[in-house]
Amino acid sequence: MGWNFWSNVRKLPPVNSPYLEGGHKPVLDEVELHDPQVIGEIPTQLNGQYLRNGPNPYFTPYTYTYPIDGDGMIHRISIKDGKVSYKNAFVKTNGLQAELKAGKALYGGIALPIPPDPKYVKTDETGKSSASIHIVKWGNNLLALYETTPAYLLDNNLATIGEFQPDGRDSPFNVNAHHRVDPKTGQIYMFIYNTYGVPLTLYEFNQDYQLIKSVDVEKPQNTMIHDFLITENYIIIFDMPAIFNVAGNDGSEPFFAFYPDKSVTIILVKRSDYSISRIENIPSFFVYHFVNAYEEDNKIIFDMVLHKKLNLNPALNENNIPPALYRGSIDLETLHYQHKCLCDSLIVEFPSYNLDYCAQKYQFAYLVAKKPDNAGGFNLLIKYDLVNNKFIYTDFGADTEIGEATFVTARDSSNDEDDGYLVLFVYCKSSDCSDFVVLNAKNMQEIARVKLPRRVPHGLHGSWIAAK
């Protein structure tokens with residue numbers, strides 16, 4: 001099958017994807033910029049670094065399905081005593097290094113899961129481990145994460161160390177893009193779904209980043225699971241009908257598809273002993289991103305951005321059924337599940353919150369948004385009050401597109417949940433350049449804007465790492 005693919009590569013039509021143009025258009029150079037122009041004043045409490053990952057294909061791919069394909073690129077804003085610098089770097093994965101040596105794209109992408117040219121890649125892999133979805137602090141290093149393939153360790157200068165192998169393992173460690181950290185215990189929870197074989201494995205690390213538990217979870221199908229939740233006592237997995245048909249597939253069936261006629265199953269895993277309960281036969285939907293969850297009155301309360309269906313092309317606002325913010329609940333006594341829409345007046349995605357409140361009762365969520373009549377990218381950032389069911393927002397303007405915002409706690413403060421800052425990249429379409437923007441999370445007013453003389457392509461998830 002691989003040889004058949006390569007013999008027909010030249011017959012493939014050129015890739016024509018909106019996710020390779022405009023604010024998504026890749027940048028190929030790695031630069032470091034010092035003392036860019038700052039409008040306003042960087043808060044004195046904001047010392048550290050903001051890092052954001054995203055797919056940035058170095059070579060024009062044969063197919064491109066945003067945000068699953070592409071090469072990982074880290075964009076970093078460093079702040080020290082009000083001084084700002086910017087640096088970007090590719091994650092030098094094995095796949096990207098092979099392509100650089102070959103001088104061309106070697107992988108077919110999720111829409112063409114076919115082995116790369118064996119002349120350049122001496123493995124049986126069918127897809128590139130791009131490490132392009134998230135970037136988090138991991139001990140004294142950084143960890144770049146993807147979906148179903150090995151994560152990559154980077155040092156604090158953004159140089160790639162290599163594939164992530166915890167506890168001295170002699171093989172790469174596959175792990176998903178999202179993790180949850182219990183701020184009370186320091187326990188770190190991660191998972192991996194597989195496109196074939198063991199469908200789901202849960203991982204638990206201690207506060208010293210040591211792997212202490214690995215548990216396989218049986219389920220009937222291999223499905224895409226991008227995010228999950230934890231509470232004080234539970235790990236919560238939503239098994240949705242985004243199904244991989246890889247094993248034994250000769251190409252006559254789609255390798256990956258969403259089946260709206262199939263149901264959702266919720267898998268409740270007790271953190272104490274990893275015993276499992278299931279809630280089945282829930283009408284289909286899909287969630288890329290959950291906000292947070294907590295336990296109250298023997299119920300699990302959680303918030304999520306719910307899609308009525310999953311379609312990766314385009315991923316958002318497909319068939320006029322836009323994603324919206326929902327609140328759900330699970331009765332732990334009866335295992336009854338329900339959810340309701342909180343706001344259908346705006347299209348939303350990429351939720352964030354104060355991570356100090358993970359697995360605890362909380363009040364505020366922050367989401368990128370746009371109005372239903374906006375055919376472009378997100379240009380609103382909303383602060384949603386989940387207690388009073390209302391929101392305020394900042395409108396960055398029709399000439400802009402924004403990405404996920406990260407909440408940064410204001411240390412030595414009043415300790416209100418929203419006492420802090422929101423940091424994000426804002427792309428200006430007319431100038432084809434990006435700004436790094438700091439907002440006051442209480443009132444959503446802009447405090448400072450760092451003018452960058454280049455485009456920071458739209459990406460996915462990021463982290464704030466406070467200076468020690």
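Reader: Why is Asp418 called buried?

Author: In this predicted model, Asp418 has a relative accessible area of 8%. Buried means under 20%, so Asp418 qualifies.

Reader: And what makes Asp418 and Lys383 a salt bridge?

Author: Their side chains meet at 2.7 Å, N to O. The cut-off is 4 Å between a side-chain nitrogen of Lys or Arg and a carboxyl oxygen of Asp or Glu, so the pair counts. Asp418 sits in the loop between strand 29 (406-409) and strand 30 (420-428), while Lys383 belongs to strand 26, 35 residues apart.

Reader: Is Lys383 buried or exposed?

Author: Buried, because its relative accessibility is 6% and the limit is under 20%.

Reader: How do you know that Asp416 and Lys442 are partly exposed rather than buried?

Author: Partly exposed covers the range between the 20% and 50% limits. Asp416 has a relative accessible area of 38% and Lys442 has 34%, so both fall in that range. These two residues also form a salt bridge, with the closest N and O atoms 3.0 Å apart. Asp416 is in the loop between strand 29 and strand 30, and Lys442 is in the loop between strand 31 (433-440) and strand 32 (446-451), 26 residues away.

Reader: What makes Arg455 and Asp432 another salt bridge, and which parts of the chain do they tie together?

Author: The N to O distance is 2.7 Å, and the rule asks for within 4 Å. Arg455 lies in the loop between strand 32 and strand 33 (462-466), and Asp432 in the loop between strand 30 and strand 31, so parts 23 residues apart in sequence are tied together. Arg455 is buried at 10%, whereas Asp432 is partly exposed at 31%.

Reader: Which residues are joined into one network by salt bridges that share partners?

Author: Lys383, Asp416, Asp418 and Lys442. The count of salt bridges comes to 17.

Reader: Now the cysteines. How do you know that Cys428 is in no disulfide?

Author: The count of disulfides comes to 0. For Cys428, the nearest cysteine sulfur is that of Cys433, 7.7 Å away. A disulfide needs the two sulfur atoms within 2.5 Å, so this pair does not meet the rule.

Reader: What makes strand 24 and strand 27 edge strands?

Author: Four strands form an open antiparallel sheet in the order 24-25-26-27. Strand 24 (347-352) and strand 27 (390-395) each have a single partner strand, so one side of each is left without a neighbour in the sheet. Neighbouring strands are turned by 30 degrees against each other on average, direction ignored.

Reader: Why do strand 25 and strand 26 count as paired?

Author: Pairing takes at least two bridges, and strand 25 (residues 364-370) is joined to strand 26 (residues 380-385) by 6, so they count as an antiparallel pair. One of the bridge partnerships links Phe364 with Asp385.

Reader: What makes the side chain of Thr394 a polar contact partner of Met444?

Author: Thr394, in strand 27, has a polar side-chain atom 2.5 Å from the backbone oxygen of Met444, and the limit is within 3.5 Å. Thr394 is buried, at 13% relative accessible area. Its contacts beyond four places in sequence include Asn379, Leu380 and Leu439.

Reader: Where is there a hairpin with 2 residues between its strands?

Author: Strand 6 and strand 7 form it, and Gly139 in the turn has a positive phi of about 65 degrees. The two strands pair antiparallel over 5 bridges, and Ile135 has Ala144 as its bridge partner.

Definitions and conventions: Residues numbered from 1 in each chain as written. Predicted model: local features only at pLDDT ≥ 70, side-chain atom pairs only at ≥ 80, totals over all residues. Heavy atoms only, no water. Axes fitted to C-alpha atoms, helices over the stretch in contact; angles between N-to-C directions. Buried < 20%, exposed > 50% of the residue type's maximum accessible area, 1.4 Å probe, protein only. Polar contact = N/O pair within 3.5 Å; in protein donor to acceptor, adjacent residues only side chain to side chain. Contact = heavy atoms within 4.5 Å.
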